[in-house]
Amino acid sequence: MSMILGTTTITHFSHTAYVIIGICLIIISILVFVRGRKISNSLKKEDEPHFQAMQAYWIAALVLISGIVSLFI
């Protein structure tokens with residue numbers, strides 16, 4: 001990994017890894033949010049409670065916050 005990124009010091013490598021992890025977490029949170037939206041739309045047609053959609057939204061929000069925190073470490 002350090003050869004790919006061209007880093008030689010450990011501190012720079014760890015910061016770069018946190019940035020990469022943060023970006024990945026933000027992308028994952030967007031995908032989870034889209035999945036929650038699809039669940040919400042399908043449940044809206046069936047007039048069922050939106051418990052599953054709310055779970056997806058909460059998970060997406062927590063993953064997004066984790067990704068943003070990872071960017072600034």
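**An all-α fold pattern and its nonpolar patch**

Read from one end of the sequence to the other, the protein runs α-α-α. That matches the overall tally, which comes to 3 helices and 0 strands. The model is a predicted one, and what follows should be read with that in mind.

How much of the chain ends up buried? Of the 73 residues, 21% fall into that class. As for the outside, the protein exposes about 5600 Å², and carbon and sulfur atoms supply 73% of that area. Contacts give another view of how the chain is put together: taking those between residues at least 6 apart in sequence, 58% join residues at least 24 apart.

Part of the surface stands out as a nonpolar patch. Which residues make it? The patch covers about 570 Å² and is built from Y18, I21, L62, I65, V69 and I73. Two elements, α2 (10–46) and α3 (51–71), each give two or more residues to this patch. The largest share comes from α3, which puts in 3 residues.

On the α2 side, I21 is worth a closer look, as this isoleucine sits in helix α2 and is also a member of the patch. Is I21 buried, exposed or something in between? Its relative accessible area is 43%, so I21 counts as partly exposed. Patch residues need over 30% relative accessible area, and I21, at 43%, therefore clears that cut-off.

Technical notes:
Residues numbered from 1 in each chain as written. Predicted model: local features only at pLDDT ≥ 70, side-chain atom pairs only at ≥ 80, totals over all residues. Heavy atoms only, no water. Helix = DSSP H or I, 4+ residues; strand = E, 2+ residues; numbered from the N terminus. Buried < 20%, exposed > 50% of the residue type's maximum accessible area, 1.4 Å probe, protein only. Contact = heavy atoms within 4.5 Å. Areas by Shrake-Rupley, 256 points an atom, 1.4 Å probe, with all protein chains shown as cover. Patch = residues over 30% accessible without salt bridge, like charges linked within 9 Å, V, L, I, M, F, W, Y side chains within 5 Å. Salt bridge = Lys/Arg side-chain N within 4 Å of Asp/Glu carboxyl O.
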